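Colleague: I would like a close look at the aromatic side chains of this model, with a word on their surroundings. Could you take me through them in one connected account?

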Amino acid sequence: MSKFSETIFLTGFPGFIAGKLVKQLAKSDTQFFLLVQRNFVEKAMKDIEKISAESNIPLENFALIEGDITKSDLGMSADDLQTVLDETTSVYHLAAIYDLAVKKNIGYTVNVEGTKNVNEVVKKIKNLQRYNYISTCYVAGKRKGLVHEAELAHDAGFHNYYDETKYLAEVEVEKLKADYPVTIFRPAVVVGDSKTGETIKYDGIYYVINYIRKFPALFRLINVGNDMVKVNLVPVDFVVDGIVALAKDERAVGKTIALADPNPLTTAEACDQISLAICGKKSVAKLPPNLMQSILMLPFTPAFSGLPHEGVPYFFSPQEFETGVSTELLSAHGVSCPSFKDYVKTLVKFVEKNPKL
């Protein structure tokens, strides 16, 4: 009889969220099968050694399996595949291309075909207790207004191929809900850790942080946000806590969970909070949203502002994410999303200490 009470098969390691998830899920009676692409094996080994040392969990609890979600059987050897099918009890599928500028064919191959391949493996697992799929709130694409957790299908279009391919991938996972114990998690815009500020890349709201940091006395004067649109920011620790809490909660089976802030700030409020954290003062003026969007989309603006064109639409997209299911289920576990106001200084301090990642 196995000494492990749970065996987790996880894709996307050694990614930022996947790494934090493994660290939090690690227990002496939990075994991990971590699917890792060949060029990340060395980093994955170092990360596992660190997790093992910090958590006091034996290295033998972690097995790195070389593979690739874009290949049939996820590129695993026949022996590895059989072991995964025989022993896995929980699946966490995080592997994806998280890039707003992703090209269509790459996004489709990794996010859609890759998820279909993971689904095929999931269907064959003998003792499956849960399939946890990590999607994104931005499967909503160009939808306007309130987006409910139970809603997916729409024809509003998409801002980019990232949104579109994650949408198509979620459609594939949604199909499994009728026959398998599936939970879909949709994080909003993920930022650094609310307690340490730690992150591995500066995108999203960090474009605004770095923009204001360039010349605080001048750049904070004009607020690049507006009062019409809310920006939904969630720290990575809340996302990981939310997934860990609900991955074994029976009430989450068959549900789609928006890991979003129930009370998000407007883009103008978020920019003012960043200004306050950097230089102790808010902005002085705001331009009309249409004018600001036009300025940010000028050919030369990204070189000046640091805000790439692909990030601009999210600042001017009037949509909100309903979190009724999420809030109800997470409250039982004492998990809630902190307000951006409460940890923005922590994020800014991390950027100041680590200007280049």
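Modeller: What follows goes through the aromatic pairs and then turns to a surface patch, a helix and the cysteines.

Please keep in mind that this is a predicted model. A search of the whole structure finds nine aromatic pairs. One of them is formed by phenylalanine 32 and phenylalanine 62, whose rings are stacked, with 5.2 Å from centre to centre and 10° between the planes. Since phenylalanine 32 belongs to strand 2 (residues 30-36) and phenylalanine 62 to strand 3 (residues 62-66), the pair ties together parts that are 30 residues apart in sequence. Both partners are covered: phenylalanine 32 is buried, with a relative accessible area of 0%, and phenylalanine 62 is buried as well, with a relative accessible area of 9%.

Another pair, that of tyrosine 98 and tyrosine 162, is tilted, with 6.2 Å from centre to centre and 50° between the planes; this angle is neither under 30 degrees, as stacking would require, nor over 60, as an edge-to-face arrangement would. This pair links distant parts of the chain, because tyrosine 98 sits in the loop between strand 4 (90-93) and helix 4 (104-124) while tyrosine 162 sits in helix 5 (residues 161-174), 64 residues apart. Here the two partners fall into separate classes of exposure, tyrosine 98 being partly exposed at 36% relative accessibility and tyrosine 162 being buried at 8%. Elsewhere, Tyr138, Tyr314 and Phe321 form one aromatic cluster.

An aromatic residue also takes part in a nonpolar surface patch of about 350 Å², which is made by Leu291, Ile295, Leu298 and Phe300. Within this patch, isoleucine 295 lies in helix 10 (residues 289-296), and at 31% relative accessibility isoleucine 295 counts as partly exposed.

Helix 1 (residues 16-25), by contrast, is mostly covered, with eight of its 10 residues buried; among them are Phe16, an aromatic residue, as well as Ile17, Leu21, Val22 and Leu25.

As for the cysteines, the count of disulfides comes to zero. Cysteine 271 is in no disulfide, the nearest cysteine sulfur being that of cysteine 279, 12 Å away. Because a disulfide needs two cysteine sulfur atoms within 2.5 Å, the sulfur of cysteine 279, with its closest cysteine sulfur 12 Å away in cysteine 271, is too far for a bond. Cysteine 271 is buried, with a relative accessible area of 3%, whereas cysteine 279 counts as partly exposed at 31% relative accessibility.

Methods. Residues numbered from 1 in each chain as written. Predicted model: local features only at pLDDT ≥ 70, side-chain atom pairs only at ≥ 80, totals over all residues. Heavy atoms only, no water. Phe/Tyr/Trp six-rings, centres within 6.5 Å; stacked < 30°, edge-to-face > 60°. Helix = DSSP H or I, 4+ residues; strand = E, 2+ residues; numbered from the N terminus. Buried < 20%, exposed > 50% of the residue type's maximum accessible area, 1.4 Å probe, protein only. Patch = residues over 30% accessible without salt bridge, like charges linked within 9 Å, V, L, I, M, F, W, Y side chains within 5 Å. Areas by Shrake-Rupley, 256 points an atom, 1.4 Å probe, with all protein chains shown as cover. Salt bridge = Lys/Arg side-chain N within 4 Å of Asp/Glu carboxyl O.
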